[in-house]
Amino acid sequence: TLPVRSRHPRAVQMTIATDAARAGARFLNVPPGGFMQILEPNGTLVRALPAAAGGTASWDLLTDTGNPIAGGVYQARVHGRDASGRPLAPQLLHFSVLRRTRD
């Protein structure tokens, strides 16, 4: 588990599952009705993820076309709305993905 922002009420938390059957990332405390964009460092969209009930978004480390992502640095942009429906300022999170190669 990795807290990726300071712990304020809107803080998003990222957890990782590493077992082969369900490897991926899960983002917690995504604003209700919000969504996430996973981006390469140059801003290229890798995957868009809607927030599920309870403010979570899960990512299987695949692109929108179903291809596995490469190891590298990525950004997660978290979008949402406040209680009155106004857009919140997006949160930008940075993280790295490491791929283990089998010998």
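# Briefing: loops, strands, salt bridges and a pocket

Leu-61 is buried, with a relative accessible area of 16%. That residue belongs to the loop between strand 6 and strand 7. The model is a predicted one. A search of the whole structure gives three salt bridges. The second largest pocket has a volume of about 160 Å³. Strand 3 pairs in the antiparallel sense with strand 2 and with strand 6.

**The loop between strand 6 and strand 7**

- Leu-61 has a positive phi of about 65 degrees, although this residue is not a glycine.
- Its relative accessible area of 16% makes Leu-61 buried, because buried means under 20%.
- Asp-60 lies in this loop too.
- Asp-60 is partly exposed, at a relative accessible area of 38%.
- Asp-64 is also placed in the loop between strand 6 and strand 7.
- Asp-64 counts as partly exposed, with 49% relative accessibility.
- That value does not make Asp-64 exposed, because exposed means over 50%.

**Salt bridges**

- Asp-60 pairs with Arg-47 in a salt bridge, and their closest N and O atoms are 2.7 Å apart.
- Arg-47 sits in strand 5 (residues 45-50) and Asp-60 in the loop between strand 6 and strand 7 (72-79), so this salt bridge ties together parts that are 13 residues apart in sequence.
- Arg-47 also meets the side chain of Asp-64 in a salt bridge, at 3.5 Å from N to O.
- This second pair links distant parts of the chain, with Asp-64 in the loop and Arg-47 in strand 5, 17 residues apart.
- Asp-82 forms a salt bridge with Arg-86, where the closest N and O atoms are 3.1 Å apart.
- Asp-82 is partly exposed, at a relative accessible area of 25%.
- Arg-86 is exposed, at a relative accessible area of 54%.
- Shared partners join Arg-47, Asp-60 and Asp-64 into one network of salt bridges.

**Strand pairing**

- Strand 2 and strand 3 run antiparallel to each other and pair over five bridges.
- In this pairing, Ala-17 stands opposite Gly-24 in strand 3.
- Strand 3 and strand 6 are also antiparallel, and pair over four bridges.
- Leu-28 stands opposite Thr-56 in strand 6.
- Thr-56 is buried, at a relative accessible area of 15%.
- Beyond residues up to four places away in sequence, Thr-56 touches Arg-26, Phe-27, Leu-28, Pro-50 and Ala-51.
- Leu-28 is thus named twice for Thr-56: as the residue opposite and among the residues that Thr-56 touches.

**The loop between strand 3 and strand 4**

- Asn-29 is found in this loop.
- Phi of Asn-29 is near 70 degrees, a positive value in a residue other than glycine.
- Asn-29 counts as partly exposed, at 37% relative accessibility.
- Val-30 is in the loop between strand 3 and strand 4 (35-39) as well.
- Val-30 counts as buried, at 3% relative accessibility.
- Neighbours within four places in sequence aside, Val-30 is in contact with Phe-35, Met-36, Ala-51, Gly-55, Ala-57 and Val-78.
- Ala-51 appears among the contacts of Val-30 and among those of Thr-56.
- Val-30 and Gln-91 are 61 residues apart along the chain, and their C-alpha atoms are separated by 9.9 Å.

**The second largest pocket**

- The volume of the second largest pocket is about 160 Å³.
- Its lining consists of Thr-15, Ile-16, Ala-17, Arg-22, Ala-23, Gly-24, Ala-25, Arg-26, Ser-58 and Trp-59.
- Strand 2 (13-17), strand 3 (24-28) and strand 6 (56-59) are the elements that give two or more residues to this lining.
- By class, the lining has five nonpolar, three polar and two charged residues.
- Ala-17 and Gly-24, which stand opposite each other, are both among the lining residues.
- Arg-26 is one of the lining residues and one of the residues that Thr-56 touches.

Definitions and conventions. Residues are numbered from 1 along each chain as its sequence is written. This is a predicted model: local features need pLDDT of at least 70, side-chain atom pairs count only at pLDDT 80 or more; totals for chains, interfaces and linings use all residues. Side-chain values use heavy atoms; hydrogens and water are left out. On a 1 Å grid over the protein atoms alone, a cavity is a set of points where a 1.4 Å probe fits but cannot get out, and a pocket is an open set with protein on both sides within 12 Å along at least five of seven lines; lining residues have an atom within 4 Å of a point. Grid points are joined across faces, edges and corners, and a volume is the space filled by probe spheres set on the points. Ala, Val, Leu, Ile, Met, Phe, Trp, Tyr, Cys and Pro count as nonpolar, Asp, Glu, Lys and Arg as charged, and the others, Gly among them, as polar. A salt bridge is a side-chain nitrogen of Lys or Arg within 4 Å of a carboxyl oxygen of Asp or Glu. Buried means under 20% relative accessible area, exposed over 50%, partly exposed in between (1.4 Å probe, protein chains only). Contact means heavy atoms within 4.5 Å. Two strands pair if DSSP finds at least two bridges between them.
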